[in-house]
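Let's take a walk through this one together, from the overall build down to a few side chains. Have a look at the fold before reading on.

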Amino acid sequence: MTGGYRRLRATMAVAGLLAALLAWASLPPIGSPAPRWAWRFFAGWCVITPYWHYAEYRLVRGSLHDEAARADFFRQQGYSRAVWLGIGAVFAVWLLSQRSIVAS
């Protein structure tokens, strides 16, 4: 893998984490109505991230000639999917525990 791809991967990981933390910090307390943006963020998180994983796989798989690099790539994608699923689960629980949706 090239250095440019490693930087892109690190940038996407940091951007995703920052987006999730910012969204989480912006949520109203549990029991308050859920804002519409939270549902949109949740939907985007659940749809865009798997497409990114697929695109990353399609773009990088041909350049992984070394078995160790291939194993590292798949291990890192597994970690990424676990983080994506965990953050998605937290948002799902929070959103489903709300009374209603705020029109905003």
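Buried residues make up 26% of the 104 residues in this chain. Keep in mind that we're looking at a predicted model. For its overall dimensions, picture the C-alpha atoms filling a box of roughly 50 × 20 × 15 Å along the principal axes. The radius of gyration tells a related story: the chain has 17 Å, while a compact globule of 104 residues would come in near 13 Å.

What is the chain built from? There are 3 helices and 2 strands, and if you read along the sequence they come in the order α-β-α-α-β.

Start with helix α3, residues 67-96. At 1.5 Å a residue, its 30 residues should span 44 Å, and its end C-alpha atoms are 43 Å apart, so the expected and modelled spans agree. Several α3 residues are buried, including Ala 69, Phe 73, Gln 77, Ile 87, Gly 88, Phe 91, Trp 94 and Leu 95. Gln 76 also lies in this helix, but with a relative accessible area of 29% it is partly exposed. To get a sense of distance, go from Gln 76 to Pro 29: the two are 47 residues apart along the chain, and their C-alpha atoms are separated by 33 Å.

Now for the charged side chains. Those of opposite charge can pair when their charged atoms come close. The structure holds 2 salt bridges. One of them joins the side chains of Glu 67 and Arg 70, at 3.2 Å from N to O. These partners both lie in α3, 3 residues apart, or about one turn of the helix. That spacing suits a pairing of side chains, because an α-helix has 3.6 residues a turn and residues three or four places apart point the same way. Glu 67 counts as exposed, because its relative accessibility is 54% and the cut-off is over 50%. Arg 70, at 26%, counts as partly exposed.

The other bridge is between Asp 72 and Arg 75, at 2.7 Å from N to O. Here too, both residues lie in α3, 3 residues apart. Is Asp 72 buried or exposed? At 18% relative accessibility, Asp 72 counts as buried, because the limit is under 20%. Its partner Arg 75 is partly exposed, with a relative accessible area of 41%.

Next, the aromatic rings. The count comes to 4 aromatic pairs. One of them is Phe 41 with Trp 45, a stacked pair with 5.8 Å centre to centre and 25° between the planes. Phe 41 and Trp 45 sit 4 residues apart in helix α2 (residues 36-60), so about one helical turn separates them. Phe 41 is buried, and so is Trp 45. Follow the rings a little further and you'll find Phe 91, which forms one aromatic cluster with Phe 41 and Trp 45. Phe 91 is itself among the buried residues of α3.

Finally, turn to the surface. Val 14, Leu 17, Leu 18, Leu 21, Trp 24 and Val 90 form a nonpolar patch there, with about 600 Å² of accessible area together. Which helix gives the most to the patch? Helix α1 (residues 3-26) does, with 5 residues. Take Leu 17 as an example: Leu 17 lies in α1 and is partly exposed, with a relative accessible area of 45%.

Note on methods. Residues numbered from 1 in each chain as written. Predicted model: local features only at pLDDT ≥ 70, side-chain atom pairs only at ≥ 80, totals over all residues. Heavy atoms only, no water. Patch = residues over 30% accessible without salt bridge, like charges linked within 9 Å, V, L, I, M, F, W, Y side chains within 5 Å. Areas by Shrake-Rupley, 256 points an atom, 1.4 Å probe, with all protein chains shown as cover. Salt bridge = Lys/Arg side-chain N within 4 Å of Asp/Glu carboxyl O. Buried < 20%, exposed > 50% of the residue type's maximum accessible area, 1.4 Å probe, protein only. Phe/Tyr/Trp six-rings, centres within 6.5 Å; stacked < 30°, edge-to-face > 60°. Expected span 1.5 Å × (residues − 1). Rg over C-alpha atoms; globule rule 2.2 N^0.38 Å.
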